[in-house]
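Me: I should like to examine the strand pairing and the nonpolar packing of this protein. Could the discussion proceed by question and answer?

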Amino acid sequence: MELLELIRTLYGVEPEGCTDDEIEYVRNLFGALPEAVETFWRSAGRTERLHFVQDNWAFPANYRKWKSYRESEDLILLMENQGCCRAVIRREDLALPAPPVYTLPAHGPGARTAETVSEFLEAALLYQAVWQFDYSPDEFYWLSDEELETVREKLEKRDAVLRGWMEMDITFYSNRPDNLLVIMDVGGQYQALYGGASEAAYKALLEVMDGLGEPL
């Protein structure tokens, strides 16, 4: 799904973009910006709802406001809400047409989280979306191997994957464009979070998920 349509469908808002001057400010700090990042910022970097999700998007306004962003060795795309890790494009990769994205913990080495920035943006938007649905269960669930197989058989897997975010590999499933099941692989154990942008979307997902999983 194209990113702007994904935002409209799952977040229920019309995206609002940054100005050329705001983007140019960050480009001047780092010397180059990948086209996919520029396009995302120009199309959606001022979307208010994206500022109130689980983690913190690094939009051009952050670079003007925070010295730590301006002095970062890498281009920050997303910051975990407690600062435990951040998703970045390494400075030496910024001129590549489709650079990979890495997750860097607060301490220790990082790991590649997406093969391209476009894949990362889609996966991160999906992951952040599930936290803000108005229609969702009150709990997280652990899924068994057998229950995960049921999910794989009955729901459509989305292409984007978020690897190594908070030490989890995260995949996405749905049976309508406006609902979402997130599977977080935590060392071979499967944590599930799901919901829908409307009551009908949520009910469609419950046709598969109702009765599956053990509440955390």
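The exchange below concerns a predicted model and takes up its sheet, its hairpin and its cores.

Me: Which strands are the edge strands of the five-stranded open sheet?
Reply: The sheet is open, with the order β1-β2-β3-β4-β5 and antiparallel pairing. An edge strand here pairs on one side only. The edge strands are β1 (56-57) and β5 (111-114).

Me: What is the bridge partner of Leu-75 in β3?
Reply: Strand β2 covers residues 75-79 and strand β3 covers residues 85-89; they pair in the antiparallel sense over four bridges. Within β3, the partner of Leu-75 is Ile-89.

Me: Which residue takes a positive phi in the hairpin of β8 and β9?
Reply: Strands β8 (residues 162-165) and β9 (residues 168-174) run antiparallel and are joined by two bridges. Leu-162 has Ile-170 as its bridge partner in β9. Two residues lie between the strands, and the positive phi, near 55°, belongs to Met-166.

Me: Which helix gives the largest share of the largest nonpolar core?
Reply: This core has 57 residues, and Phe-40, Trp-41, Trp-57, Leu-75 and Phe-120 have the most contacts inside it. The largest share, 10 residues, comes from residues 117-130, helix α6.

Me: How many residues make up the second, separate core?
Reply: Leu-148, Leu-155, Ile-183 and Leu-212 are included in this second core. Its size is 16 residues.

Me: Which residue of β8 is in contact with Phe-120?
Reply: Leaving aside neighbours within four places in sequence, Phe-120 is in contact with residues including Trp-57, Leu-77 and Val-101. Strand β8 spans residues 162-165. The contact of Phe-120 that falls in this span is Leu-162.

Note on methods. Residues numbered from 1 in each chain as written. Predicted model: local features only at pLDDT ≥ 70, side-chain atom pairs only at ≥ 80, totals over all residues. Heavy atoms only, no water. Pairing = 2+ DSSP bridges. Core = buried A, V, L, I, M, F, W, Y, C linked by side-chain atoms within 4.5 Å. Buried < 20%, exposed > 50% of the residue type's maximum accessible area, 1.4 Å probe, protein only. Contact = heavy atoms within 4.5 Å.
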